[in-house]
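Student: Hey, got a minute to go through this model with me? I'd like to start with the charges.

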Amino acid sequence: MNDNVNLQKNTIPHWNMQQIWKSFSDSEYKKSIEKLQQLIKQISYHVKNPIEDFNQFLKIYLSMDNELGSLSESLYAYSYSIYATDTTNTDSLNNMALLEELQVSIADYQLVFRQILKENQTKLSSFFHSFPEYKKYEFILEEEISYFNHQMERKEESIANDLQRFGGDAWSKLHEQIISNMVDKETGKTFNQLRNDAYSPDRNIRKESYYKEIALLEQNQIAISSALNNIKGATISLNKKRNWGDGFEGAINRSLFSSRLSRKSLDALISAIEDSIPMWQEYLFEKAKALNLKDEKGISEKCSFYDIFAPLITESSDKEKDWTYQEAKEFIINKFSEFSSHMGDFVKTAFEENWVDAEIRKGKVGGAFCIDFPLQKVSRVLTNFSGTTSDILTLAHELGHAYHHFCIKDLDYNLCSYPMTLAETASIFAETMVTNSMLKTANLSEKINLLEMHLSDSCQTLLDILSRFYFEKSVFEERENKELVAEDFCRLMNDAQNKTYGNSLTETKHPYLWAVKTHYYSPSLDFYNFPYAFGQLFALGLYSQYKDSPKEFPSQYQELLKNTGSMTCEEVCKLAGFDITTKDFWLSGIKELKLEFEEWKTCLKVTKKEC
């Protein structure tokens, strides 16, 4: 009996997808595909044969487009979720291909709609007067008109969207399939397991797995670099044709538009992070001391790249706590419930209905993500759980994403599409909340490790994100003029890491990080990096408000999340009382991290009494 209980407690779950659709061959799934096809025909006919009454035309269009969008996103999310846990699953690949083909037809009618909207934009005030319930769509419709200014002729867009399935999207899938199926022959560890060894307290394990990771990437560098080279090349070409601009400027302009963020706010953010570089370099020097790192001759040295995530082992603790999945689940339920009953009830439902897939296994994509099903009004979370405290924070982070969707799920579909900048706010807020809750009850040893873990993560979302921003900028600048191969990407990554990490690390950095991070391989969104820094610092501002008014804040937070699909970043942040166009705002968040850093250093000096 006890053995069964222990087995159950240590079971790491797979998610339950049958609550969405039972299978690709199930009759309900097939009916949903048929319904999507029929909706596409109906809405295509509506926009290509518009009725004279623009107000009625627009009302009908918005109703049909909401229904179609909700169904389309859920169907693709289902296919991708099956694929993400088994990247060689042919049924999921075939269904994604079908849905991507249908997306070409959806994009085609959207092109026609934007043109009609542009031609009738002076009539929008009349529409809102006649149908005041649609006033909340004003931002969305203005955004659609702006999109019209960045599209090619309809025939060209149709061809580009069709070829995208065999171009950028195909290269992206190739990268995922290579990474998810790499295995070290000597140890039998998957690539993702080798990556997780970066959190091991044993430096020999960290070092060995790091070099095995590099070796696997070197073996596959031709295919992976070809994928990145061609994705960025296609992006540059299309950005020019869509009037976004050349090279880096075209990519950043498109990214800012998709992120609903102004260049002024981004420049303020980047400048503030650059000001923090010395602090993060000092942190890495202090971490090397705390880890008591020494080379083979016993001489003290700096952190290597494989030491960045190493947990601290203090005199009063033998090792970091190993969490069972059951313990992780109970802990997160408790902490979310402390914030609010609304958030607590949500996460209980998520666990009870098996929304999470946490087991590490071959064929499963690495990292973690949350994916939404707007039709069913639920989400699913993928993580790779190994039992570290970091895994708890990752799980909280992804469930924060899911809570965001939970707060907006009852709005019209077209009011639920929020940019990645604001998406990362909810996840990082949840992670920050759990971290600070852990700190409240931690003993000195635990406090040192928790503070260090949060500083380590923050170092990634600010310093390492800055290096990734520099890297991607340089890739666009060079790719505009020539083809890039693996050696070029390694050189540019080294340059970016040297610019940010400086001499705070040994020469052993990570020249192949470009091959690891899936964000570089997203054809739909360039600079999939600065939104993490945005979310980190905005979440710190929100958490400060929560500490000041813990009873009132949860309901205000829900309302803020509801507005993320119909406002710019500047407008949403203004609701919270923040002006993100100023460097001072971003520096205020960094100041909070500086205080954590000073507290951590003080705690390291204390050996017996609590800090």
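**Charges, fold and one helix**

Tutor: Sure. The chain has 69 positive and 89 negative charges, and their mean positions are 1 Å apart. Lys and Arg count as positive, Asp and Glu as negative, with His and the chain ends not counted; each charge is placed at NZ of Lys, CZ of Arg, CG of Asp or CD of Glu.

Student: What sort of model is this, and what are the ground rules?

Tutor: The model is predicted, so local features need pLDDT of at least 70 and side-chain atom pairs count only at pLDDT 80 or more, while totals for chains, interfaces and linings use all residues. Residues are numbered from 1 along each chain as its sequence is written, and side-chain values use heavy atoms, leaving out hydrogens and water.

Student: How many helices and strands are there?

Tutor: The chain has 25 helices and three strands. Those are DSSP runs numbered from the N terminus: H or I of at least four residues for helices, E of at least two for strands.

Student: And what's the radius of gyration?

Tutor: It's 24 Å, which agrees with the value near 25 Å for a compact globule of 611 residues. The radius is taken over C-alpha atoms, and the globule rule is 2.2 Å times the number of residues to the power 0.38. Along the principal axes, the C-alpha atoms fill a box of roughly 80 × 55 × 55 Å.

Student: How much of the chain is buried?

Tutor: 58% of the 611 residues. Buried means under 20% relative accessible area, exposed over 50%, and partly exposed in between, with a 1.4 Å probe and protein chains only.

Student: Switching topic: what does α10 pack against?

Tutor: Its buried residues pack against α8 (168–180), α9 (191–196), α11 (221–241) and α21 (513–516). Among those buried in α10 are R203, R206, Y210 and L217.

Student: How far does α10 reach?

Tutor: Helix α10 (residues 203–219) has 17 residues and spans 24 Å from first C-alpha to last, close to the expected 24 Å. That expectation is 1.5 Å times one less than the number of residues.

Student: Which loop has N243 in it?

Tutor: The loop between α11 and α12 (247–259). N243 has a positive phi of about 65 degrees despite not being a glycine, and N243 is exposed, at 52% relative accessible area.

Student: What about N354, where's that?

Tutor: N354 sits in the loop between α16 (341–352) and β1 (356–357). Its phi is near 55 degrees, a positive value in a non-glycine residue, and N354 is partly exposed, at 34%.

Methods:
Contact means heavy atoms within 4.5 Å.
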